[in-house]
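Some labels used for structures rest on a number and a cut-off. The questions below ask how such labels are reached.

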Protein chains: 2
Amino acid sequence: MSTGPAFKRLPRAVRQQQMLDSAVRIFSRRGYHSASMDEIAEAAGISKPMVYAYLGTKEELFVACLHREGTRMMEAIAGAAAPDLPADERLWRGLRAFLGFVGAHRDGWAVLYRQARAEQSLARELTVMRARLVEVVAGMLNHALRAEGRQVADTELEVVAYALVGASESLADWLADHPEADPEKTATQMMNVAWLGAGQLLHGVTWRPAGMPATRRHRTTPGPGAERGAASGGPPPVTP
Amino acid sequence: MSTGPAFKRLPRAVRQQQMLDSAVRIFSRRGYHSASMDEIAEAAGISKPMVYAYLGTKEELFVACLHREGTRMMEAIAGAAAPDLPADERLWRGLRAFLGFVGAHRDGWAVLYRQARAEQSLARELTVMRARLVEVVAGMLNHALRAEGRQVADTELEVVAYALVGASESLADWLADHPEADPEKTATQMMNVAWLGAGQLLHGVTWRPAGMPATRRHRTTPGPGAERGAASGGPPPVTP
DNA sequence: GAGCATACCTACTCGTGCGTAATGTTACGC
DNA sequence: GCGTAACATTACGCACGAGTAGGTATGCTC
């Protein structure tokens with residue numbers, strides 16, 4: 001009586017989003033199994049039956065989280081890598097968008113991802129997402145290859161694409177565990193190793209992001225003598 | 001009467017190994033949480049209290065599994081990549097050993113790895129393992145750099161090493177999910193993208209394992225499939 | 001303000017599975 | 001042969017957490 005309504009009544013759509021927000025937080029913090037529905041409900045400022053009424057079982061709730069976050073991420077990437085750009089530029093933008101997104105969602109995204117990979121029953125949604133990503137990357141590579149009149153078996157391409165995506169995922173994990181790290185810088189370094197390769201890097205060749213100094217975007221000029229200011233030993237390849 | 005003693009009495013060391021074998025199998029098949037101690041005990045042909053007596057709690061048991069498998073893997077890698085070889089050769093051998101190991105243990109290793117990453121409480125052991133791997137790779141890169149009189153900050157090196165290790169881990173996952181895939185071939189492809197980079201690959205530059213081009217070592221392994229002929233339609237860049 | 005639908009709650013059931021106490025049983029020393 | 005200690009089993013305590021039943025308050029429409 002004295003306190004009044006205590007808690008507000010909110011429309012379903014809003015509450016659902018609140019629940020998903022809390023669920024992502026809790027799942028990330030505790031892991032899928034250790035997270036209890038009670039805790040999630042409490043974090044959302046709501047009681048458990050409401051969660052069941054709106055989002056279904058625990059598994060369905062988790063998949064809903066994964067789906068929402070995954071869709072957001074995909075949109076971020078797709079929006080960044082326009083299909084009419086050269087391959088390295090697309091790769092760079094996609095990478096930047098990806099790591100940028102993860103960096104902005106730190107504890108949120110990467111952990112969901114890890115959880116989903118571990119649990120058989122949750123892996124389906126994730127598999128679809130990653131398959132789309134690999135497909136995009138493979139398509140990009142294929143496109144670039146055709147432009148050069150070359151051709152490669154799909155399986156080969158898939159492995160390369162998978163390696164690229166996998167390396168990015170791992171760096172996403174790394175980012176999640178290193179709050180002080182800069183996504184932008186990490187993306188550049190990843191781009192260096194992915195596009196140029198470790199061998200080139202060791203010889204001092206570097207790739208640089210949006211090329212403003214020279215006309216060319218990257219120096220494929222072979223030859224061990226690096227003409228970067230890298231000799232100073234300070235800044236690695238490139239800092240955007 | 002017909003069965004006789006039913007179950008044999010075995011020395012502790014042997015039983016422990018049996019238990020670990022079963023535990024790895026069950027954990028891999030079911031996942032950490034879904035695996036029950038009863039099932040593991042049954043698979044080992046033993047009863048539950050024995051498991052507790054020898055290996056402790058469920059968590060301790062899992063860590064023991066991870067530790068044993070991880071140590072074996074580390075030994076395989078360390079034994080392959082001698083420190084007095086050139087960087088690319090070391091990377092190649094390490095990669096080969098790593099993916100070869102995973103390929104030989106398919107369901108065993110990769111799944112343990114995934115489980116461990118998901119669960120906070122299990123991650124410690126894994127973190128140590130991976131840190132050692134990253135350290136090795138970073139050390140290798142650093143060594144190669146010094147040989148050229150160049151120098152790079154440790155953090156930069158770590159990121160590159162992490163990307164390399166991460167990409168390899170992802171391919172290990174891929175291998176685990178693709179029983180028909182050939183670890184050797186996958187390792188070569190990984191080496192291509194890691195050492196040469198996607199940019200070089202797209203231009204048709206390829207890396208090849210040993211110094212000899214047409215000798216044994218690792219031909220494209222025609223394999224059973226007729227239409228899978230990698231040699232058809234010109235020399236693809238990625239094929240060794 | 002009556003009637004209805006929707007948002008929301010407290011308090012419970014019930015299965016599951018970790019970890020252990022009480023209890024045989026086999027092998028070896030003497 | 002007979003004690004004894006390591007080996008092995010059955011059966012249970014107990015906590016925890018997913019999912020639900022049934023009831024209450026609030027807003028909306030007429």
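Q: Why are H5(A) and H5(B) called oblique to each other?
A: In this predicted model, the axes of helix H5 (residues 87-118) of chain A and helix H5 (residues 87-118) of chain B cross at roughly 140° and come within 8 Å. Angles over 145 degrees count as roughly antiparallel, and 65 to 115 as roughly perpendicular. The crossing angle fits neither class, and therefore H5(A) and H5(B) are oblique. The crossing is left-handed.

Q: Which residues of H5(A) and H5(B) meet?
A: Arg114(A), Gln115(A), Arg117(A) and Ala118(A) meet Arg114(B), Gln115(B), Arg117(B) and Ala118(B). Two of the residues in this contact are nonpolar, two are polar and four are charged. Arg counts as charged, Ala as nonpolar and Gln as polar, which means that the division follows from the names of the residues.

Q: What makes the pair formed by Ser47(B) and DNA strand D a polar contact?
A: A backbone N or O atom of Ser47(B) lies 2.7 Å from a phosphate oxygen of the strand. The cut-off for a pair of N or O atoms is 3.5 Å, so the pair qualifies. Two further pairs can be tested against that cut-off. For Tyr52(A), a polar side-chain atom lies 3.2 Å from a phosphate oxygen of DNA strand D. For Ala35(A), a backbone N or O atom lies 3.3 Å from one. Both values are within 3.5 Å, so both pairs are polar contacts.

Q: How do the residues of the surface near DNA strand D divide?
A: Ten are nonpolar, three polar and six charged.

Key:
Residues are numbered from 1 along each chain as its sequence is written. Chains are lettered from A and ligands numbered from 1 in the order in which they are written. This is a predicted model: local features need pLDDT of at least 70, side-chain atom pairs count only at pLDDT 80 or more; totals for chains, interfaces and linings use all residues. Side-chain values use heavy atoms; hydrogens and water are left out. A polar contact is a pair of N or O atoms within 3.5 Å; within protein, one must be able to donate a hydrogen and the other to accept it, and residues adjacent in sequence count only if both atoms are side-chain atoms. Axes are lines fitted to C-alpha atoms, for helices over the stretch in contact, and angles run from 0 to 180 degrees between N-to-C directions. Helices (H or I, at least four residues) and strands (E, at least two) are DSSP runs, numbered from the N terminus. Angles under 35 degrees count as roughly parallel, over 145 as roughly antiparallel, 65 to 115 as roughly perpendicular and the rest as oblique. A crossing is left-handed if the near helix is turned anticlockwise from the far one by less than a right angle, and right-handed if clockwise. Contact means heavy atoms within 4.5 Å.
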